Amino acid sequence: MAERESIAGFAIAAVREDGNWQCSTLDPSALTELDAALTELRKVRTSGAVLGLLAVDDEFFVVIRPSPSKISLLLSDAAAALDYDIAADVLDVLRVPTPGEDDDEVWSEGDLDILADFGLPADELEMIAAEIELYPDEQLQMIAQRCGFAEALGEVLDQD
């Protein structure tokens, strides 16, 4: 894995409680490794659903959905594991082998049904993840729009 001093992008927690969405920024360390992202998400106190949305270095995104019994994950580009520790961490948790050095295709790995209960079915999420012409922040904004928290996400992103 390539060591990086700092990674561009954003890490956001989206919380749905009583039918309302709120978003807040997570510590930038959440962009570097999955354990850091999970630690940040566990700090969010809510009785509702919590999502972690990570846009990493204009290259890929990760959606994290922790629950008391498991962690659901979606990585938009499995080949990112060749260059980014957090992507490799996601594949490790999913028990998916790291792609070979010569793999230049983009494919997602993880739970495509991760947001189905928020109105984003697996086939639509797969299409968003496969849209290589979009930057990860644009893909996450599409996801937020579809799930109903685009305004809350936009407010947090506009603050930065």
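This passage describes the sheet of a predicted model and the helices that lie against it. Residues are numbered from 1 along each chain as its sequence is written, and side-chain values use heavy atoms, with hydrogens and water left out. Local features need pLDDT of at least 70 and side-chain atom pairs count only at pLDDT 80 or more, while totals for chains, interfaces and linings use all residues.

Six strands (E runs of at least two residues in DSSP, numbered from the N terminus) form an open sheet in the order β2-β1-β3-β4-β5-β6. The pairing, for which DSSP must find at least two bridges between two strands, is antiparallel. Strands β2 (20-25) and β6 (109-110) stand at the edges with a single partner strand each, so one side of each has no neighbour in the sheet. Within the sheet, β3 (residues 49-56) and β4 (residues 60-66) are joined in the antiparallel sense by five bridges. In this pair, A55 is placed opposite F61 of β4.

Helices are H or I runs of at least four residues in DSSP. Helix α2 (residues 85-94) lies across β3, β4, β5 (71-75) and β6, at about 130° to β5. Helix α5 (residues 150-159) lies across β1 (9-17) and β2, at about 20° to β2. Axes are lines fitted to C-alpha atoms, for helices over the stretch in contact, and angles between N-to-C directions run from 0 to 180 degrees.

The axes of α4 (residues 136-147) and α5 come within 7 Å and cross at roughly 140°. The two helices are therefore oblique to each other, a class that holds angles which are not under 35 degrees (roughly parallel), over 145 (roughly antiparallel) or 65 to 115 (roughly perpendicular). Contact (heavy atoms within 4.5 Å) is made by L140, Q141, A144 and Q145 of α4 and by A150, L153 and L157 of α5.
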